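Trainee: I would like a close look at a single part of this structure, with the rest brought in where it helps. Could you walk me through it?

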Amino acid sequence: MLDSTTEQLAGDAKPDLDLANATWQSSGQGRRGNVQIAFVEGYIAMRDRRDPDVPAVIFSPGEWRAFVLSARDGAFDLT
């Protein structure tokens, strides 16, 4: 399993966070949810629960807020 990630999103450079001891939280969907998040050094890391060895996506607090608000508004609804 990876101890850190350098996964980058477009825009601001993200730090190389040490995720080895991160406390991962599953989505509110319980076992059906496939996304986990962790709060590390002021950033939010998000990973696929089914494949935790794939590097996490790192969000700044502002990016996370925009992502959550967009998700609530249905911006990512693929149904």
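Trainee: How many salt bridges does the count come to? Please start there, and then follow the chain outward from that spot.

Mentor: Happy to. Please keep in mind that this is a predicted model. The count comes to one salt bridge, and its partners are the side chains of Asp 48 and Arg 50, with 3.3 Å from N to O. Asp 48 has a relative accessible area of 28%, so this residue is partly exposed. Arg 50 reaches 58% relative accessibility and therefore counts as exposed, the cut-off for that class being over 50%.

Now for the strand next to this spot. Strand β5 covers residues 43-48, and six bridges join β5 to strand β4, residues 35-40, in an antiparallel arrangement. One facing pair to find on your screen is Gln 36 and Arg 47, with Arg 47 on the β5 side. Between the two strands of this hairpin there are two residues, and Glu 41 has a positive phi near 50°. Strand β5 is also joined to strand β6, residues 57-59, here by three bridges and again antiparallel. In that pairing, Ala 45 stands opposite Ile 58 of β6.

Back in β4, Ala 38 is worth a pause. This residue lies in strand β4 and has 1% relative accessibility, so Ala 38 counts as buried. Leaving aside residues up to four places away in sequence, Ala 38 touches Ala 22, Thr 23 and Trp 24, as well as Tyr 43, Ile 44 and Ala 45. Trp 24 is 14 residues from Ala 38 in sequence, yet the C-alpha atoms of the two are 4.7 Å apart in space. As a reminder for reading any such strand, side chains in a regular strand alternate between the two faces of the sheet.

From β6 we can move on to the aromatic residues. Across the whole structure, a search finds four aromatic pairs. In one of them, Trp 64 and Phe 67, the ring centres are 5.5 Å apart and the planes meet at 35°, so the pair is tilted. Those two values are the usual way in, as a pair of aromatic rings is described by the distance of the centres and the angle of the planes. Both Trp 64 and Phe 67 sit in helix α1, residues 61-72, and the three residues that separate them in sequence amount to about one turn of the helix. Their exposure classes are worth setting side by side: Trp 64 counts as buried because its relative accessibility is 16%, whereas Phe 67, at 26%, counts as partly exposed. Trp 64 and Phe 67 also belong to one aromatic cluster together with Phe 59 and Phe 76.

To place all this in the whole chain, look at the overall order. The secondary structure comes to one helix and six strands, and along the sequence the pattern reads β-β-β-β-β-β-α. Of the 79 residues in the chain, 24% are buried. Among contacts with a separation of 6 or more, 28% involve residues 24 or more positions apart. The chain exposes about 5,500 Å², and carbon and sulfur atoms supply 50% of that area.

Notes. Residues are numbered from 1 along each chain as its sequence is written. This is a predicted model: local features need pLDDT of at least 70, side-chain atom pairs count only at pLDDT 80 or more; totals for chains, interfaces and linings use all residues. Side-chain values use heavy atoms; hydrogens and water are left out. Two strands pair if DSSP finds at least two bridges between them. Helices (H or I, at least four residues) and strands (E, at least two) are DSSP runs, numbered from the N terminus. Buried means under 20% relative accessible area, exposed over 50%, partly exposed in between (1.4 Å probe, protein chains only). Contact means heavy atoms within 4.5 Å. Accessible areas come from the Shrake-Rupley method with a 1.4 Å probe; for residues, only the protein chains shown count as cover. Rings of Phe, Tyr and Trp (its six-membered ring) pair if their centres lie within 6.5 Å; planes under 30 degrees apart count as stacked, over 60 as edge-to-face and the rest as tilted. A salt bridge is a side-chain nitrogen of Lys or Arg within 4 Å of a carboxyl oxygen of Asp or Glu.
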